[in-house]
Amino acid sequence: MKILIANKSHASYAEIICNTIEESAKVRGTGIARRTPEYIINKMEKGNAVIALEEEKFAGFCYIETWSHDKYVANSGLIVHPDFRNQGLAKDIKNVIFDHSRKKYPEAKIFGITTGLAVMKINYDLGYQPVTFSELTDDETFWKGCQTCKNYDVLTRTDHKMCLCTGMMYDPEKKKNPKMVEKPKSKFNEKAFQRLKHIKQTLFYKKEKAEK
């Protein structure tokens with residue numbers, strides 16, 4: 001298995017990447033910002049993506065988004081082809097794209113929003129910490145990317161302050177400034193995140209029923 005910094009020579013994989021992301025979202029029943037093959041190819045050409053290949057077969061992918069004049073970076077579109085799941089590949093891809101992001105944008109805050117516990121754990125192990133949405137980028141282009149998510153109405157009702165996703169961030173400033181160093185982090189508490197997700201679902205769905 002090879003995990004490579006993608007380039008224009010990998011453009012032929014763009015369509016299967018988009019299809020795999022969309023099919024995965026349908027299976028999980030979660031919303032996701034849709035991307036076109038042209039968009040994926042653009043990321044490859046700029047060196048802002050990584051691709052996993054088993055010989056010539058597509059295995060996984062992830063790309064870099066930048067916001068607010070490169071002050072914020074997101075590692076988005078993480079996907080593993082069904083034939084290669086449950087082998088730890090998602091974590092390996094995430095590690096490579098994280099290191100690549102740190103090298104290309106060393107001063108940027110790296111963040112993400114997700115409902116997936118597996119992704120939350122990977123992020124947590126990399127040094128991400130849960131944050132409120134107000135700590136994320138205020139770039140409207142980022143939030144427009146949520147419009148195709150089935151939970152977008154929740155985001156708009158709360159004025160971008162809360163949704164079913166959990167926001168997480170890696171802040172390089174805290175790593176190099178001794179006064180900002182946090183206490184050693186404890187083990188990822190999956191049950192706590194599950195409870196948080198359940199509370200959000202109950203809160204928003206009850207409000208939705210009351211408004212009908």
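Hi everyone, let's start with the aromatic residues: Trp67, Tyr72, Phe111, Phe133, Phe142 and Trp143 come together as one aromatic cluster. Before I go on, please keep in mind that what you have in front of you is a predicted model.

So how do we talk about rings like these? Two things describe an aromatic pair: how far apart the ring centres are, and the angle between the planes. Counting this way, we get nine aromatic pairs. One of them is Trp67 with Phe142, an edge-to-face pair with 5.4 Å from centre to centre and 75° between the planes. Trp67 belongs to strand β3, residues 57–67, while Phe142 belongs to helix α5, residues 140–144, so this pair ties together parts that lie 75 residues apart in sequence. And are these two buried or exposed? Both Trp67 and Phe142 are buried.

Now have a look at another pair, Phe98 and Tyr128. Their ring centres are 5.9 Å apart and the planes meet at 45°, so this one counts as tilted. Here too, distant parts of the chain are linked: Phe98 is in helix α3, residues 89–104, and Tyr128 is in the loop between α4 (117–126) and β6 (129–131), 30 residues away. Phe98 is buried, with a relative accessible area of 6%, and Tyr128 is buried as well, at 0%.

Let's stay with helix α3 for a moment, since Ser101 is found there too. Ser101 is buried, with a relative accessible area of 0%. What does Ser101 touch, if we leave out residues up to four places away in sequence? The answer is Ile64, Val73, Asn75, Pro106 and Ile110.

Next, helix α4. Met120, Ile122, Asn123, Tyr124 and Leu126 are buried there. As a reminder, an α-helix has 3.6 residues a turn, so residues three or four places apart point the same way. Right after α4 comes Gly127, which takes a positive phi of about 110°.

Moving on, Thr158 sits in the loop between α6 (152–157) and β7 (166–170). Thr158 has a relative accessible area of 19% and is buried; the cut-off is under 20%. Where does its side chain go? The side chain of Thr158 reaches the backbone oxygen of Val154, at 3.2 Å.

One last thing to show you, and it brings us back to rings. Arg35 lies over the face of Tyr39, 4.7 Å from the ring centre.

That's my tour, thanks for listening!

Definitions and conventions
Residues are numbered from 1 along each chain as its sequence is written. This is a predicted model: local features need pLDDT of at least 70, side-chain atom pairs count only at pLDDT 80 or more; totals for chains, interfaces and linings use all residues. Side-chain values use heavy atoms; hydrogens and water are left out. Rings of Phe, Tyr and Trp (its six-membered ring) pair if their centres lie within 6.5 Å; planes under 30 degrees apart count as stacked, over 60 as edge-to-face and the rest as tilted. Helices (H or I, at least four residues) and strands (E, at least two) are DSSP runs, numbered from the N terminus. Buried means under 20% relative accessible area, exposed over 50%, partly exposed in between (1.4 Å probe, protein chains only). A charge sits over a ring if NZ of Lys or CZ of Arg is within 6 Å of the ring centre and within 35 degrees of the ring normal. A polar contact is a pair of N or O atoms within 3.5 Å; within protein, one must be able to donate a hydrogen and the other to accept it, and residues adjacent in sequence count only if both atoms are side-chain atoms. Contact means heavy atoms within 4.5 Å.
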